[in-house]
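Good morning, and thank you for joining. Please look at the sequence and the model as I speak.

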Amino acid sequence: MSKVKYYYDSETLSYQKIEHKKGRRLGIILLSITGSFLAGFILLIIYLNIPQIETPKEKALKRELQNMKLQYGLLNRKMDQIQEVMANIEDRDNNIYRLYFEANPIPEEQRTAGFGGINRYKDLEGFDNSKLIKETTKRMDVLTKRLVVQSKSLDEVAKLAKEKGELLSAIPAIQPVNNEDLSRIASGYGWRTDPFTKVRKFHYGMDFTAPRGTPVYATGDGKVVRADSRSTGYGNHIRIDHGYGYTSLYAHLYKYNVRRGQRVKRGDVIGFVGSTGRSEAPHLHYEIFKDEKRINPINFYYGNLSPEEFGEILEKAQRENQSLD
C-alpha cells in the first residue's frame, strides 16, 4: 500500500493531501523506460566497439585454428605439385612404357575409381571448416588411389622389361661363325641339291664353310640339352634350348667346348667346325627351331651384322645350289 503524502498550505494554515495526476504518472513511467532503453543501446554500442578480452585458452585455440588453415593451404599446394608429377608419370606409363612392352594402357576411370556413391566424408561435416577439410581429404584419397594403381603398373612394367630382356638375350640373334673366319656361305634354307644323291631336297638350315677347328659361337643365351653324335647325319652336334620355344642346332663339329646341362651366353665358344656325320667338307650346319618347327635362320642375324653384310648373306643364302650335307 502506497504512503499518503501531505503538504502545508500557508493560506489555510493547514496540511493538505497531495493528489497525483494519472497522466503525469504515466509520463514518468514512459520516460523511465525510454531512458533505460537508450542507456542499454549506448552500452551495447560501446561493448561492440571495445576489443573483446580473450582468455589464454581462447587465444591458444585461435592460434591453433589459424595454423591449421595455413597448413591445409600448404598441403593443397603440395598436392597440386604432386598431381602434376603424377599426371606426367601416368602419361609416360601409358604412352611409352606400356606401349613399348605391348601392354594395354590403364584407363583414367580405373586410376580414380572407387570414390562415388556413399558419402564417406560424413564424419567431417558440421565444423567451421568442414568444406576445406572434406575437399583436402578427398584429394588425398584420390591421389593415394592413383599412386597405388601406378605402383602396380610399374611393377608390371618391370616384370615385362625383365621378361623382354631375357627374351632378347635368349633369341638366337647372331651368326654362329664370324665373317672373318668364313670361306663362304655354301648353302641356305630351302630347296637344294643333295651332295651325295644329287636329288633336289629341302635343306632345313644354313651351311657355313670354314676351316676345321674354326670356333662356333652360341647364338643366344640358353642351356645345352645335347652334345653328342646320336642323331643321324648330324655327326657331332650341339643343341641349345633358349627358352620361349627357341632351340638352335650346330652340326658336323670337330669337337665340343661345352657339355650337356651347361648354361651358355650368347657369344660363348661352344665347339669347333668339323666334317663329322653326313658331310662333304668342313662346315657348320646351323638350324633354328621355334616350337619344334624348323624356321629360316637368316631372319635372326640382326645381332652382329650391318645392313650391307646382311644383304650380302641374304643374297648368297637364296641361291639354289648344292648343299654340303
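I shall discuss a nonpolar core, then an arginine, then an asparagine.

This is a predicted model, in which local features need pLDDT of at least 70 and side-chain atom pairs count only at pLDDT 80 or more, while totals for chains, interfaces and linings use all residues. Residues are numbered from 1 along each chain as its sequence is written, and side-chain values use heavy atoms, without hydrogens and water.

The largest nonpolar core has 24 residues. By that term I mean buried Ala, Val, Leu, Ile, Met, Phe, Trp, Tyr and Cys residues joined through side-chain atoms within 4.5 Å; buried is under 20% relative accessible area, exposed over 50%, and partly exposed in between, with a 1.4 Å probe and protein chains only. Among the residues with the most contacts inside this core are Phe208, Ile240 and Leu284.

Let us turn to arginine 239, located in strand E9; strands are DSSP runs of at least two residues, helices (H or I) of at least four, numbered from the N terminus. Which side chain of opposite charge is nearest to this buried arginine? It is aspartate 228, 6.5 Å away, and arginine 239 has no salt bridge, that is, no side-chain nitrogen of Lys or Arg within 4 Å of a carboxyl oxygen of Asp or Glu. In counting charge, Lys and Arg are positive, Asp and Glu negative, and His and the chain ends are not counted.

Finally, asparagine 104 lies in the loop between helix H2 (56-100) and helix H3 (108-111). Asparagine 104 counts as exposed because its relative accessibility is 64%. Its C-alpha is 7.8 Å from that of asparagine 94, which is 10 residues away in sequence.
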